[in-house]
Each structure stands twice: as structure tokens, then as C-alpha cells.
Amino acid sequence: MRHELARPHRTPKPEPRRRWIGRLSLTGLYFGGLWCASTFTPSLVPRDWLFQGLLSGVVLAVGYGFGAALAALWEFLELPVIPQRYRRPLYWVLIAVTVARLGWYFMQTRDWQVPARELLEMPQVDHEYYLRIIAIMLIVAGLLLLIGRLLVLGVGWAARLPKRVSQRRIASVLGIAVFAVLLVLVVNGTLVRGVIMVIDNTLAAADTRDPEGAVPPTTANFSGSPDSLVPWDLLGYSGKLYMTEGHVAEEISDFTGRAALDPIRLYVGLRAGDDHEERAALALEELKRSGAFDRKILVIATPTGTGWIDDNGITPLEFMHDGDTAVVAVQYSYLSSPLSLILQPGLVQESATVVFREIYDHWASLPEDDRPELYLFGLSLGSLGSEGSITLQSLVKDRISGALWVGPPFRNPVWRSIRANRDPDSPDWQPVFEDGTVFRTLTRSNSLDDAGPDWGPVRIAYLAYPTDAIVFFQESMWYRRPDWLDEPRGPDVSPEFEWTPVVTMWQVAVDMLGAFNTPAGHGHNYRMVDYGTGWMGVTQPEDWTAEDNARLADLMNDARPKGGN
């Protein structure tokens, strides 16, 4: 009898674990490719290669992460999945479809870029533009996916660690929770605090520099002069620039042919006082010293985050009123407007409110027939602070005369309310609110008189360009189409711009970064002629026409601002 040879017992090999580093998620690939392709479509501002590459890379990674997470959730819930034998062919089909979609959208970029750049009077791009986009996109997406993979590994490690003590699933959940809390504490505490400190110290040092060609003024009407209560060295970079760009009576008279006064320009730098109250009190004393309350026009201007006051926004006012003006500003930060908004929330409103009340209380105590007309001014983040500084009393009793708020960020509550409650027949990018009795909106394509003749005693104007992403960004764009894409659109908004869930929000967010780099008259770069039109409507000057306004802008050549947000 033959005996069968005994065969050694072999333990079945365990099924290899899924390794995500070397294996792409089909669902992640689909969503990443779909969303990334949409980023090449037009938005508010044509992007340069760096911003376009960053946008495409971020969206590719976010889309991939979303799809991969969706697939993981599906598998965790033990829902039906595609059989293993079909996955490999489907994998290659999906890669081919994704590459084809990306390639088609990428090839269409030039056809979309050319008309969009023409609308915004921007130069066309060369072939290297597209190669740089691909390189940046792949680098950014790769780095973000690597970071995501490391976070997944960290979560997995945190989930397994407590199981050495307990096998219950609650131990895994607690491990993940502890890991998440520690991660947030490190990022929000140590990392963010360190970054803020480095940025603040760097910009504080830069704020002590003198602008090129800047010298202390000699006229007593300017801060930093020998008669001023604010020494030149305490004005900060933006304050020194603002004084250097100022004009005197002779220049104004040469332009208008009429007698003029030296305008009053006052500025209190951040280092001139220890807190908002001290700087506001110093601003009031500067106003008293210079005789500002004897002028026809008094303006409280709230600077941008860096302390910058756009000279293009002040010069037309001084010329149209023959220098019979006084403008005062108080610095509250060294950071650029976006950084100040994120890292110093509420700071601009706090400063603007303290400054307004200090000056307003003194102004309101003066005889009504022997005090200047009081106006407010703010550009970008400055408009957010200025908008929030006014009190009910200043609109009802002892009323201010009005305000000009330019490039209002999407966070401005009054601006948001005006758009949300606009008259039904007016577009979102040029809203008409309550027949324009108090608030009116100015763009390049309309007049403040278009809303009708009944503009009340308080005249407040917003100047906003339809392509200014800082003005028209909305968090809800990830799931809802914004009203400003409805017809009729702003004259410089591309007709090819279509809303895509999630992607459009990222597109306009990146547009905010590039909104400062557009030609004057588009994006967040406001022209002197439009500032002048706004001041004409708000202050109602005598002996000043639209032709004078255009002639002044031509004379000044709408020079590119030398400051910044």
C-alpha cells in the first residue's frame, strides 16, 4: 500500500494590505481631475502662472482628498464595491479620462485667457506661462498629498496606540481625538504664534524706513513738520509716504486758476502712542494745532492694514475744494490688510471707533454754523473699520455729511446688507438700496446720479469694481452660484466665467491675491478719476466738473500707488 507523503502544513498568506502611497484612489482621482480641470476656466481676474499653478495644485489635492475620503467612508460602511477583477481596467480608463479632461481644459486656457485679459487691459502671456503652471501644480499637489498621507499615518498610529491597553473601539476614537487636539494646539499655539511674531518684527522694522526721496515737510499743515506734535520718525513708512505725496496751495492754484490754501494732512503713526486712545487723543490735538476745525472739509481717513493712505483718493478732494480741507489718519497695524484681517480680527474696527468718537465728540461740541463738514474715508480694510466706527447719533443728530468707502471687503456688514437687500432690478455688483437716499454705489460704468436726485443730507458712496474679488468673494460659493454672475454682468467680467461648485470659491479666493496687480480701473486697483467722481458726488463741490476731474487724473497720470495694503 502506497503511503502518500505527508505534505507540510502551510499557513495561507495573508492578503496584502492596501498601500496608499503607491496606489491611487479611483474616486480621489476622479474628483481631483474634475475639480482641477475647472480651475483653468476664467474667473474675475486673469491669473499669472504662479497663482494659477497654486490654485490648480491645491484644488487637485483637495479634490483627490475628498474623493479618497468618500471612498474610505463607503468601504467603512461596508457598502457594495466594484469587484477586484474590474478594478484594474477601470483604473486605467479613469486615468485616461482624467488626463484627457485636464489636457482639453488646459488647451482651452489660451482661448479663455486672451479675451479675459483684453477686458482688463492686461498683456497677453507667452508659452512658458503654461509650462510653469504645470510644474507648480504638480509640486503643490504632491506636497499637499504627502502632508495628507502623513496626517493619515498619524491618525492611524494614534488609533492603534490605546489598543495596547484596551481592544475596545472607544480606545481608538479617544486616541484619534487626543492626536487631533495635540495637532491643533501645536498649529494654533506654537506655530501660529511664532509666525505672527516673525512677521510682526519684520514689518515693524520695515516701517521705520524712509520712502525713496522722502524728506520731512516744512509746512506746518503736515504731520512730521517742525511744528507738528508727531515727529517725522514716528510717522512710519506709510505716514512718511503720505506726507511726501502731498500738494501745496501753489500747485492747486496753478491747476484751477483760483486762490487756494495749503491742504492739511495729518497722520499719527503706530509708535506715536501706546494704545488706540493715546493715538486718537494725539490726532485730535494735531487737528486743533493745525486749525483743521476752521476748514470747509474735514475727513477722518482709516488706513489699510499697513497704514497706507492712497494719495489718489485724497488729491482730488484737495484740488476740487481749493485746498480748504483737512484729512487725518491714525495707523493701527504694520501687517498687510489680509494678514491683519486674519491675525488681528477686530483691530481695525477698534482703532477706527476710538479715533472717530474722539474727533466727533469735539466736532459736535462746536457751533453747527462754525464747524467743517465731516466725512469719512476708507480703502479696503480701512473701509471695514470706517464703516463700523460711526454711531447712530452721527446719522441722526449732529450728522456727518457722508463717506466714501472704496473696495469694501466682503466682510463689511453694511455693504453685505446693501447687496442682500438691494432693489430687485439692480445687479449685485451695482446695488441700488432704498432708492439711493443714503447709500449709492459707483463703478466705472455708472454715475452716482443714476439712482435719482433724492440723495439725502448724509451721502455715503461705495466705489467697487465688478472684478474686485476682495469685494465680491463669498464663502457660500462652494455650494451656491453668486448673484454677480447673473446677467447683466459687470462690463469687465468674462462672459466665459461659469460657476462650478467648490472650484469657483477657490478661484475667487486666489483672485483676491492677484486683485492688486491689475491695471488701474480693474480688480482692487482704483483710479484717481473714479475717486474724484466719488468725492464729487459725496461733497458736491462748486466750480468743479467731470472734465476737471478727468484733466487732473491725466495730469497726475494715475501713477501706480507706491504704498500697499
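**Notebook: aromatic pairs, a helix packing and one loop residue**

I began with helix 11 (residues 347-365), where Phe356 and Tyr360 both lie, four residues apart, or about one turn of the helix. I keep in mind throughout that this is a predicted model.

I then searched the whole structure for aromatic pairs, and the search returned 22 of them. Phe356 and Tyr360 form one such pair, with 5.2 Å from centre to centre and 20° between the planes, and I noted it as stacked. I gave both values in the entry because a pair of aromatic rings is described by the distance of the centres and the angle of the planes. I also looked up the accessibility of the two residues, and found Phe356 buried and Tyr360 buried as well.

Following the ring pairs elsewhere, I found that they link Trp405, Trp415, Phe433, Phe439, Tyr462, Phe472, Trp484 and Phe497 into a cluster.

Next I looked for charges placed over rings. I found Arg371 over the face of Trp363, at 4.0 Å from the ring centre, and I recorded Arg551 with its charged end over the ring of Phe255, 4.1 Å from the centre of that ring.

I turned to the packing of helix 1 (residues 26-38) against helix 2 (residues 49-76), for which I noted an angle of about 150° and axes 7 Å apart. Since angles over 145 degrees count as roughly antiparallel, I entered helix 1 as roughly antiparallel to helix 2. The crossing of helix 1 past helix 2 is right-handed. When I listed the residues that meet, the helix 1 side included Gly28, Phe31, Gly32, Gly33 and Trp35, and the helix 2 side included Gly63, Tyr64, Phe66, Gly67 and Ala68.

Which residues does Thr437 touch, if those up to four places away in sequence are not counted? I found Asp454, Trp455, Gly456 and Val458. With Trp455, Thr437 has a C-alpha to C-alpha distance of 4.6 Å, although the two are 18 residues apart in sequence. I placed Thr437 in the loop between helix 14 (413-420) and strand 6 (439-442). Thr437 has a relative accessible area of 33%, so I entered this residue as partly exposed.

Last, I looked up totals for the protein. I noted 18 helices and seven strands, and, of the 565 residues, 49% that count as buried. Among contacts between residues at least 6 apart in sequence, I found that 74% join residues at least 24 apart.

Terms used. Residues are numbered from 1 along each chain as its sequence is written. This is a predicted model: local features need pLDDT of at least 70, side-chain atom pairs count only at pLDDT 80 or more; totals for chains, interfaces and linings use all residues. Side-chain values use heavy atoms; hydrogens and water are left out. Rings of Phe, Tyr and Trp (its six-membered ring) pair if their centres lie within 6.5 Å; planes under 30 degrees apart count as stacked, over 60 as edge-to-face and the rest as tilted. Helices (H or I, at least four residues) and strands (E, at least two) are DSSP runs, numbered from the N terminus. Buried means under 20% relative accessible area, exposed over 50%, partly exposed in between (1.4 Å probe, protein chains only). A charge sits over a ring if NZ of Lys or CZ of Arg is within 6 Å of the ring centre and within 35 degrees of the ring normal. Axes are lines fitted to C-alpha atoms, for helices over the stretch in contact, and angles run from 0 to 180 degrees between N-to-C directions. Angles under 35 degrees count as roughly parallel, over 145 as roughly antiparallel, 65 to 115 as roughly perpendicular and the rest as oblique. A crossing is left-handed if the near helix is turned anticlockwise from the far one by less than a right angle, and right-handed if clockwise. Contact means heavy atoms within 4.5 Å.
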